[in-house]
Amino acid sequence: MENIYLTPEHELLREQVARFVAREVEPHALAWEETGNTPREVLRKLGSAGLLGLMYESEYGGAEADALTNLVFAEALSQSTFGGFIITVLVHTDMASPHLHHAGTPAQKARWMPGITAGQTITAVAISEPGAGSDVAGIRTTAKRSADGSEWILNGTKLFITNGVLADLYFVAAKTGGEGRHAMSMFAVEKGTPGFRVGRALDKSGWLSSDTAELVFEDVRIPAGHLLGEESRGFYSVMKNFQTERIALGAMAIGHCMQALRVTLEHVRDRRAFGATLFDKQVVRQRLAMLDAKTRAARAFMYHCAWRVARGDDVVQEVSMLKALTGELVNEVVSGCQQFHGGMGYMRGTVIERLWRDARVLAIGGGATEVMLDEVAKRY
Ligand SMILES: Cc1cc2nc3c(=O)[nH]c(=O)nc-3n(C[C@H](O)[C@H](O)[C@H](O)COP(=O)(O)OP(=O)(O)OC[C@H]3O[C@@H](n4cnc5c(N)ncnc54)[C@H](O)[C@@H]3O)c2cc1C
């Protein structure tokens with residue numbers, strides 16, 4: 001075993017996911033980059049294979065696994081060279097549906113969870129808005145009770161929502177009274193609810209096989225029973241879910257680093273210049289060795305964080321460090337590797353060019369580096 005945290009069962013899971021990525025993703029995903037999303041059928045296949053909702057209760061189709069097993073899944077999935085595919089799945093498994101898992105009532109879980117674990121009900125999480133991203137407490141979307149108390153009425157606009165077009169079920173943050181952290185609640189909104197629409201699909205630099213949307217809520221009436229968790233506790237629910245989300249984003253970053261190093265080592269061993277291979281140039285191979293060393297160190301820290309989450313420790317500081325570290329590292333590694341591909345590394349259709357575009361957002365989305373470092377520093 002190459003890693004003290006892993007068991008033979010983890011290795012089997014890793015191999016299962018690797019086979020899925022090699023067969024169902026890598027040969028097809030260039031076409032998905034053109035259409036702008038990963039087909040629903042891919043999530044259904046992952047669901048049929050029992051790979052969606054590993055940490056959820058078995059009565060809803062989950063595997064009751066721990067955070068380490070979940071990380072093995074995220075990391076294996078992240079060996080794909082298509083960030084858009086990876087984020088489509090990880091938003092569903094690690095960023096959106098955990099809101100239902102952590103805060104949902106048995107009735108809410110019975111209604112939605114089986115479809116989520118089967119990959120039939122795709123999920124999205126809608127927190128960011130045109131006026132508030134990093135500053136979650138600054139959102140403006142509101143939810144007000146109807147006069148008879150049987151419904152909530154939502155108004156507002158959400159921006160940059162992954163799976164925004166594809167999703168069937170959205171976990172939406174809204175203000176339920178007052179200002180600041182104590183004023184926010186989470187709601188489940190089903191696609192097709194009158195007044196709720198996709199404003200527009202957004203055009204991005206990378207993650208092309210992931211759909212990202214603006215969502216509009218105009219007097220959207222949802223049943224009172226679609227409030228998720230306690231009223232006014234939504235901010236804390238969002239913060240809690242950020243821990244799962246940020247480990248998954250770390251796995252994605254490490255996956256990109258590993259793939260960038262793999263394709264670059266192949267390339268520099270093959271490409272000749274000035275009478276020798278690029279690998280023969282000491283400066284090239286030493287630079288790659290250092291990027292590999294940094295990747296392995298960050299990977300070990302990532303497993304350590306997941307191990308502590310699995311033990312039930314409070315690891316907000318460490319997970320914030322991990323997100324900042326891996327978000328920056330992936331950009332260093334991918335652009336360093338791209339350099340050694342020369343002009344070809346700047347061409348559309350090459351793996352390294354795609355990884356370079358896909359890596360950029362990992363230092364921004366799900367907690368920008370600066371915001372993460374402040375989360376670290378305020379716990380000193
Ligand atoms: C492709 C993509 C997909 C996304 N998917 C989702 C999704 O599914 N759901 C969702 O809710 N959101 C999603 N987001 C939103 C994402 O989480 C936000 O973009 C991110 O949190 C940053 O918020 P912002 O864009 O409003 O930037 P701002 O909050 O305006 O910050 C801009 C920059 O200012 C700096 N900064 C901000 N605060 C501080 C500070 N305190 N100290 C120092 N510097 C600071 C950082 O460098 C930051 O990048 C997605 C974004 C992208 C690009």
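The following paragraphs describe the overall fold, the domains, the ligand shell, the nonpolar core and selected residues of a predicted model.

The chain contains 12 helices and 10 strands, and its C-alpha atoms fill a box of roughly 80 × 45 × 40 Å along the principal axes. For 380 residues, a compact globule would be expected to have a radius of gyration near 21 Å, and the value of 21 Å computed for the chain agrees with that expectation. Buried residues account for 49% of the 380 residues. When contacts between residues at least 6 apart in sequence are considered, 75% of these join residues that are at least 24 apart.

The chain is divided into three parts, namely domain 1 (8-118), domain 2 (123-230) and domain 3 (235-377). The centres of domain 2 and domain 3, taken over C-alpha atoms, are separated by 30 Å, and 12 residues of domain 2 are in contact with 9 residues of domain 3. On the side of domain 2 that touches domain 3, the residues divide into 7 nonpolar, 4 polar and 1 charged.

Domain 2 and domain 3 also each supply at least three residues to the shell around the ligand. There are 23 residues around the ligand, of which Ile127, Gly133, Ser134, Ala368 and Glu370 come nearest. The elements that give two or more residues to this shell are β1 (123-126), β3 (151-162) and α12 (369-377). In terms of residue class, the shell comprises 12 nonpolar, 7 polar and 4 charged residues.

In soluble globular proteins, nonpolar side chains tend to be buried together. In the present model, the largest nonpolar core holds 115 residues, and the members that touch the most other members are Ala126, Phe187 and Ile247. Helix α8 provides the largest share of this core, with 14 residues. For Ala126, once neighbours within four places in sequence are left aside, the residues in contact are Lys158, Ile161, Tyr170, Phe171, Val172, Ala173 and Leu215.

Helix α8 (234-270) is also one of the elements against which the buried residues of α11 pack, together with α5 (83-96) and α10 (316-339). The buried residues of helix α11, which spans residues 351-359, are Ile352, Arg354, Leu355, Trp356, Asp358 and Ala359, a set in which Arg354 and Asp358 appear alongside Ile352 and Leu355.

Two leucine residues illustrate the local environments found in the helices. Leu329 is located in helix α10 and counts as buried because it has 23 C-beta neighbours inside 10 Å, where 20 or more are required. Apart from neighbours within four places in sequence, Leu329 is in contact with Ala253, Cys257, Lys294, Thr295 and Ala298. Between Leu329 and Gln108, which are 221 residues apart along the chain, the C-alpha separation is 39 Å. Leu30, by contrast, lies in helix α2, which covers residues 29-35, and is classed as partly exposed because 14 other C-beta atoms lie within 10 Å, a count between the limits of 12 for exposed and 20 for buried residues. Although Leu30 and Leu208 are 178 residues apart in sequence, their C-alpha atoms are 9.3 Å apart in space.

Methods. Residues are numbered from 1 along each chain as its sequence is written. This is a predicted model: local features need pLDDT of at least 70, side-chain atom pairs count only at pLDDT 80 or more; totals for chains, interfaces and linings use all residues. Helices (H or I, at least four residues) and strands (E, at least two) are DSSP runs, numbered from the N terminus. Two residues are in contact if their C-beta atoms, placed from the backbone, lie within 7 Å. Domain bounds come from an automatic or database domain assignment. Ala, Val, Leu, Ile, Met, Phe, Trp, Tyr, Cys and Pro count as nonpolar, Asp, Glu, Lys and Arg as charged, and the others, Gly among them, as polar. The radius of gyration is taken over C-alpha atoms; the globule rule is 2.2 Å times the number of residues to the power 0.38. A residue is near a molecule or strand if its C-beta atom, placed from the backbone, lies within 6 Å of it. A nonpolar core is a set of buried Ala, Val, Leu, Ile, Met, Phe, Trp, Tyr and Cys residues joined through C-beta atoms within 7 Å.
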